Amino acid sequence: MASQDGQYRKSRGFPGFLPGYPDPDHGRSTVPSNSRKQVLLPPLPPPVNLPPGLERLSQLDLIIIHQQVELLEMILGTETSNKYEIKNRLGQRVYFAVEESICFNRNFCSPLRSCTLRVTDNTGREVITVHRPLRCTSCWCPCYLQELEIQAPPGTIVGYVVQKWDPFLPKFTIQNESKEDILKIVGPYATCGCFGDVDFEVKTINEKITIGKISKYWSGFVNDVFTNADNFGIHVPADLDVKIKAAMIGACFLFDFMFFEHSLAGL
């Protein structure tokens, strides 16, 4: 059994993501957290057989997602449309995501609201579209749980993120365009993240091997109390299919809405 494990690790090339390897969190230290100077990457020529606009994802083993601080949200305590910068481990912006939703939904259905997130590259071209319908999150409604549809480019479905019923842990499945299960995401029992990071482990379908993780980084007490601004890191094998990486970006947005979105009016 041990020899089979070793052969699997070697063939799949998952250094740092399997049991027995060091945690890749050291990459976080390379990201400038408060830098005011925005560093953008020049466009790349599209490689063969990749969805247009996803060329950058083929190079990344760490994707940083930084939610922008909204001053109106800080001052008035109202929910505004979320905006995210998507960066590489050097802090260079790769994509920018903007939420499209109705004001009523944001303020009265906040964590559950239906919305569309449009992800654009540095030239302003929309490369990923994430659709989130209005659904439940309660374990008492197992037939109508959360689901995302990921398109890349817009109009072409490349995957889904589907919540699975579990009485104790948040569990999700990443599916391909044919709705076939590809990977599982398993979150912790407690997702409050009051004094530390919250990790959602990315596993094989049988949940025996961990190949990566989605982390919600703790921003500190002041930031968590006075803003909704969250920071996430997606740790993935560099050779993972870019369509799956796009779906994991969508999963990151979903986790932000479900577990870390809050209205200041409720504090």
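Which residue in β9 does threonine 173 stand opposite? Threonine 173 stands opposite lysine 184. The model in which this pairing occurs is a predicted one.

## Strand β8 and its neighbours

Strand β8 covers residues 171–176 and is mostly covered, with six of its six residues buried. Burial applies to both faces: Lys171, Thr173 and Gln175 lie on one side, Phe172, Ile174 and Asn176 lie on the other, and all are buried. In a regular strand the side chains alternate between the two faces of the sheet.

On one hand β8 pairs with β7 (residues 157–164) in the antiparallel sense, over six bridges. Isoleucine 174 in β8 is the bridge partner of valine 161. The two strands form a hairpin, and six residues lie between them.

β8 is also joined to β9 by five bridges, and these two strands run antiparallel. They form a hairpin as well, with four residues between them. In that turn, lysine 179 has a positive phi of about 65°.

## Salt bridges around the hairpins

The structure contains 12 salt bridges. Side chains of opposite charge can pair when their charged atoms come close.

Lysine 179 is one such partner: its side chain meets that of glutamate 147 in a salt bridge, at 3.1 Å from N to O. This pair links distant parts of the chain, with glutamate 147 in strand β6 (residues 147–151) and lysine 179 in the loop between β8 and β9, 32 residues apart. The two ends differ in burial class: glutamate 147 counts as buried because its relative accessible area is 17%, under the 20% limit, whereas lysine 179 is partly exposed at 41% relative accessibility.

Lysine 171 in β8 forms a salt bridge with aspartate 166, and their closest N and O atoms are 3.6 Å apart. Both belong to a network of salt bridges that links Asp166, Lys171, Lys184 and Glu207. Lys184 in this network is the β9 residue opposite threonine 173.

## Aspartate 61 and proline 237

Aspartate 61 and arginine 89 form a salt bridge in which the closest N and O atoms are 3.3 Å apart. Here too the pair links distant parts of the chain: aspartate 61 is in the loop between α1 (2–12) and β1 (62–67), and arginine 89 is in the loop between β2 (83–87) and β3 (93–100), 28 residues apart. Aspartate 61 is partly exposed, with a relative accessible area of 28%. Arginine 89 also counts as partly exposed, at 23% relative accessibility.

Aspartate 61 has a further contact in space: its C-alpha atom is separated by 5.3 Å from that of proline 237, although the two residues are 176 apart along the chain. Proline 237 is found in the loop between β12 (231–235) and α5 (242–260). Proline 237 is classed as buried because its relative accessible area is 2%, under the 20% limit.

## A negative surface patch

Which residues form the negative surface patch? Glu177, Glu180, Asp181 and Asp241 form it. Aspartate 181 is found in strand β9, which covers residues 181–186. Aspartate 181 is partly exposed, with a relative accessible area of 38%. This value meets the accessibility condition for patch membership, because patches are made of residues with over 30% relative accessible area.

Terms used. Residues numbered from 1 in each chain as written. Predicted model: local features only at pLDDT ≥ 70, side-chain atom pairs only at ≥ 80, totals over all residues. Heavy atoms only, no water. Patch = residues over 30% accessible without salt bridge, like charges linked within 9 Å, V, L, I, M, F, W, Y side chains within 5 Å. Areas by Shrake-Rupley, 256 points an atom, 1.4 Å probe, with all protein chains shown as cover. Salt bridge = Lys/Arg side-chain N within 4 Å of Asp/Glu carboxyl O. Lys, Arg positive; Asp, Glu negative; His and termini not counted. Charge placed at Lys NZ, Arg CZ, Asp CG, Glu CD. Buried < 20%, exposed > 50% of the residue type's maximum accessible area, 1.4 Å probe, protein only. Pairing = 2+ DSSP bridges.
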